[in-house]
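Visitor: I should like to examine how the strands and the nonpolar core are arranged here. May we take the hairpins before the core?

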Amino acid sequence: MKKKLVLLLICVSFITITHAQVAGRTSFIKDSIDVYINRALTNWRIPGVAVCIVKDNNVVLMKGYGIKELGLPEKVDENTLFMIGSNTKAFTATALAMLQDQKKLSLDDYVTKYIPTFRLENKPAGEMTTIRDLLCHRLGFKTFQGDFTFYNTDLTRAQIIDRLGRMKAAYPFRTKWGYTNAAFLTAGEIIQRVTGQTWEMYLKQNIFAPLGMMNTLALTADMPKSYNRTVAHTLVDERLSAIPYGQLDGLAPAASISSSVNDMSKWVLALLNNGKVGVRQVIPDAAILATRAPQDIVGSIRHLNGETNYELYGLGWFLQDYAGHRIVMHDGGVSGYVSSVTLVPQEHLGIIILTNTDQNAFYEALRWEIMDAYFKLPYRNYSEAYLSSFKSNMAAEQKVYKTWRDSVALNLQPAAPIANYTGKYVNEFYGSMVISQGENNDLEARFEHHPKMFVKLQPIGGHRFFATFSDPIYGKTVFPFSFQNGKITGVKVKVADFVEADPYEFKKVN
């Protein structure tokens with residue numbers, strides 16, 4: 001009897017504590033979020049963060065934290081610009097859905113109706129590709145396939161679309177989801193074919209201006225000209241460093257917008273209010289619903305609270321179920337920035353998180369922390385959980401780098417005379433690369449379509465060279481050269497998975 005009484009008291013106590021935790025959860029937003037974010041800036045080494053929460057058509061929080069650039073005192077505020085990366089895609093998809101609502105096109109129109117030269121390597125697939133296919137990533141490519149060629153490159157939009165047509169799909173058409181930035185570029189170019197306005201001008205006149213997003217920039221080329229802007233940062237040899245802005249206007253409809261939490265709040269408020277700003281219908285409700293309709297299964301996702309659900313993709317949005325709520329969301333990552341935009345339509349809740357370093361998962365952690373607070377779920381300290389995983393991954397990565405650097409320090413001679421590795425190399429999809437001789441048996445590689453970037457190659461034994469890209473976004477790796485019949489015949493080029501996962505085979509031509 002006493003044992004049962006003790007168990008009963010423990011259960012009652014646990015229920016009381018849990019109820020108290022849950023009942024007071026929304027106080028996290030009012031009382032604790034500033035401390036939480038400022039602590040994360042230090043722990044994650046994030047220069048600046050901007051956060052906005054909207055609920056029931058009101059702004060609950062809109063605030064900047066930290067600084068615009070490491071080492072300088074200028075603070076982030078609600079109007080400070082950040083690059084939002086792939087959160088651009090929802091704007092592109094919404095613009096095309098608006099044109100469908102105006103009967104100027106159908107999302108199920110063939111792409112060739114508007115871009116007659118459009119093709120895929122699989123000719124019948126290219127002929128059958130619709131605008132919808134472009135906007136939901138079901139062309140048959142792997143995630144990020146081709147992005148080394150397309151990302152931060154000097155290729156024009158037309159040249160990227162042409163190369164997309166030459167890229168060999170990894171899977172049969174419409175059988176598997178694979179995130180394809182060049183597909184969104186192609187979709188954005190259809191806007192000009194229909195309206196006579198470029199993608200960027202259409203967005204400015206039909207979305208940015210009507211919503212009052214007066215500081216938002218459509219093109220990355222305009223970011224350096226802005227007064228109130230952040231600077232991009234990443235980790236270089238474990239030290240946080242400012243880096244140049246990515247030049248993404250060749251992929252603009254997929255990734256080029258820069259905005260602030262103030263401007264983004266107007267976008268999110270409109271999307272949560274059926275496209276209305278006051279009494280004005282800026283975005284047709286039908287267009288919003290079209291972008292949220294599930295199109296593809298991305299896969300299963302396991303949340304830190306133990307839930308496992310399917311993740312789907314609409315048009316420019318990821319779709320998830322979480323704690324009994326439907327979540328509409330997207331992340332954005334480009335050189336030196338990661339961001340998150342989240343909508344919970346049935347709760348009239350919107351969350352915007354912008355950061356100016358690409359080496360953090362705090363933007364994800366904070367998103368779930370805020371949702372859990374509103375859903376009255378127990379506090380989990382997602383930031384610490386994500387940080388622990390992040391540090392573990394970084395430590396493993398640095399261990400690999402150390403092994404390669406130690407090999408360089410041994411001054412190992414390559415298996416062939418150093419001059420044999422120099423010359424011109426060609427990849428049919430990318431184009432050319434030239435390798436020349438540097439100092440101390442080092443080599444230097446330069447790429448045709450990345451004129452500002454080079455790769456330092458240091459011998460680590462055999463025909464292998466430790467490769468350090470001058471642009472840290474592309475990472476550090478090993479380039480193995482192929483050797484046949486006494487000659488160097490090619491090299492395998494690998495960039496960071498952040499850009500593209502699979503290597504490129506370059507053949508030596510002279």
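Visitor: Which residue in the turn between strand 20 and strand 21 has a positive phi?

Guide: In this predicted model, strand 20 and strand 21 (residues 487-493) pair in the antiparallel sense over 4 bridges. The two strands form a hairpin with 2 residues between them. The turn residue with a positive phi, of about 50°, is Asn485.

Visitor: What is the bridge partner of Phe483 in strand 21?

Guide: Strand 20 covers residues 476-484, and strand 21 covers residues 487-493. Across this antiparallel pair, the bridge partner of Phe483 is Ile488.

Visitor: In the hairpin of strand 19 and strand 20, which residue takes a positive phi?

Guide: Strand 19 (residues 464-469) pairs with strand 20 in the antiparallel sense over 5 bridges, and Phe466 has Val478 as its bridge partner. This hairpin has 6 residues between the strands. The residue with a positive phi, near 85°, is Gly475.

Visitor: Which residues have the most contacts inside the largest nonpolar core?

Guide: The largest nonpolar core has 162 residues. Its largest share, 9 residues, comes from helix 13 (residues 362-374). Apart from sequence neighbours up to four places away, Phe481 touches ten residues' worth of surroundings that include Tyr421, Leu457, Phe465 and Ile488. The residues with the most contacts inside this core are Trp267 and Phe481.

Visitor: How many residues does the second, separate core have?

Guide: This second core is separate from the largest one. Among its members are Tyr401, Trp404, Val408 and Ile460. Its size is 6 residues.

Methods. Residues numbered from 1 in each chain as written. Predicted model: local features only at pLDDT ≥ 70, side-chain atom pairs only at ≥ 80, totals over all residues. Heavy atoms only, no water. Core = buried A, V, L, I, M, F, W, Y, C linked by side-chain atoms within 4.5 Å. Buried < 20%, exposed > 50% of the residue type's maximum accessible area, 1.4 Å probe, protein only. Contact = heavy atoms within 4.5 Å. Pairing = 2+ DSSP bridges.
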